[in-house]
Every structure is written in structure tokens, then in C-alpha cells.
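Please look over the charged side chains in this model and report how they pair. Add a short note on one further residue.

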Amino acid sequence: MRVVKCLAAATIALMLTTAVAEAAVRVAFVHPERYRDRDFRSEAKRERITAELTRYLHKLDKRYLKPGQRLDIEVLDVRLAGQYEPWNTGLYDVRILRDSTPPRFKLRYTLRAGDRVLARGEETLTNATYLWSPAARRSERLAHEKELLADWFRKRFGKLSASAG
């Protein structure tokens, strides 16, 4: 029985290592429990949000990165669009979107092609006009955040990936 458990654990570890090695984007949320956004205080909400944002970033790599390129992203802080307004009776657990509460990410990134570093930096992303964007008409979960990340990804890495090679 012990041998079967060891073999199963080794197989799972190998599968995870292979999946990570093949991923063009590696995302790490650095101390998400310390993020300023209230939803990151709840472990369950934090896990759902980070998993969804990670999946979305993995979709973007296929669109903008060339084969052989790898992007490491460290998410240092997140503020989701909107905020809770507990003084609004009956809406204490609903995010109210206002011009003054845009989505915001603080990121550190490194884009590599093999051992060569193509780009590196730390940025704070925000979109003050997020309520007028196409995402405002979508009911998709985290639509404003995804649109902000997609816009950043396209502007930052679309040109680099096209010229690198």
C-alpha cells in the first residue's frame, strides 16, 4: 500500500512539474492575505479570485507570447473595481462601482526568451475610465480586472513578442 501511495505522489508531482514547465506565464500572488482589497481577507474568496485571474493570464500568453518566451508575474497588491458601502442599507455585501474606485494591480514582471531577459519592471495598473469601457456592459465575473490585465498585456508584451525572436 505504501508503494502505491508513493507512486501516486510521484506521478502527481511529475504532472505538476511538467504543467508548470510548459506554462508560458507563471503567476505568483505575493502575500495575498495582506492585499488592501477586503475580498482577499477571506481565504475562500481569495482562492477563487487568484485562480480565476491566473487562468485568465494563461489565456493571454497564447495570444501575445511567442513559443519559447516565459513571463513571470508577481502580483504584489490588488484592489478590485468598486467597493463595499456598509452604510447603504441592504447593500453591505455588494460592490458599488464608482469613478473613484477603479481596479488596481501592482505587479512585478520579467519576460524571458531562454536565458535572455527581454523586459523587466514593476508597475501599478489602473483604469480611471473603467466604467465607460466595454467591460462595463459585460456581466462576466472580474470583467474590469480582466480587461485591465488584457490591455496591459497587449501593450506591454505584444510589441516585444512581435519584435523578439
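The report below covers salt bridges, then a threonine in a helix.

This is a predicted model: local features need pLDDT of at least 70, side-chain atom pairs count only at pLDDT 80 or more, and totals for chains, interfaces and linings use all residues. Residues are numbered from 1 along each chain as its sequence is written, and side-chain values use heavy atoms, with hydrogens and water left out.

**Salt bridges**

Side chains of opposite charge can pair when their charged atoms come close. Here a salt bridge is a side-chain nitrogen of Lys or Arg within 4 Å of a carboxyl oxygen of Asp or Glu. By this rule the count comes to 16 salt bridges. Three of them are listed here.

| Pair | Closest N to O |
|---|---|
| Arg-112 and Asp-72 | 2.8 Å |
| Arg-108 and Glu-74 | 3.2 Å |
| Glu-123 and Arg-156 | 2.7 Å |

Helices (H or I, at least four residues) and strands (E, at least two) are DSSP runs, numbered from the N terminus. Buried means under 20% relative accessible area, exposed over 50%, and partly exposed in between (1.4 Å probe, protein chains only).

Take the salt bridge between Arg-112 and Asp-72, with its closest N and O atoms 2.8 Å apart. Arg-112 lies in strand 5 (residues 104-113) and Asp-72 in strand 2 (residues 69-79), so the pair ties together parts that are 40 residues apart in sequence. Both Arg-112 and Asp-72 are buried.

Arg-108 and Glu-74 also form a salt bridge, at 3.2 Å from N to O. This pair links distant parts of the chain: Arg-108 is in strand 5, Glu-74 is in strand 2, and they are 34 residues apart. Arg-108 is partly exposed, at 34% relative accessible area. Glu-74 is partly exposed too, at 30%.

The side chains of Glu-123 and Arg-156 meet in a salt bridge at 2.7 Å, N to O. Here the link runs from strand 6 (residues 116-126), which holds Glu-123, to helix 3 (residues 143-163), which holds Arg-156; the two are 33 residues apart. Glu-123 counts as buried, with 18% relative accessibility. Arg-156 counts as partly exposed, with 31%.

Salt bridges also join into a network. Its members are Asp-37, Asp-39, Lys-45 and Arg-95.

**Thr-50**

Thr-50 is found in helix 2 (residues 43-64). Its relative accessible area is 13%, so Thr-50 is buried. Contact means heavy atoms within 4.5 Å. Leaving aside neighbours within four places in sequence, Thr-50 is in contact with Phe-29 and Phe-40.
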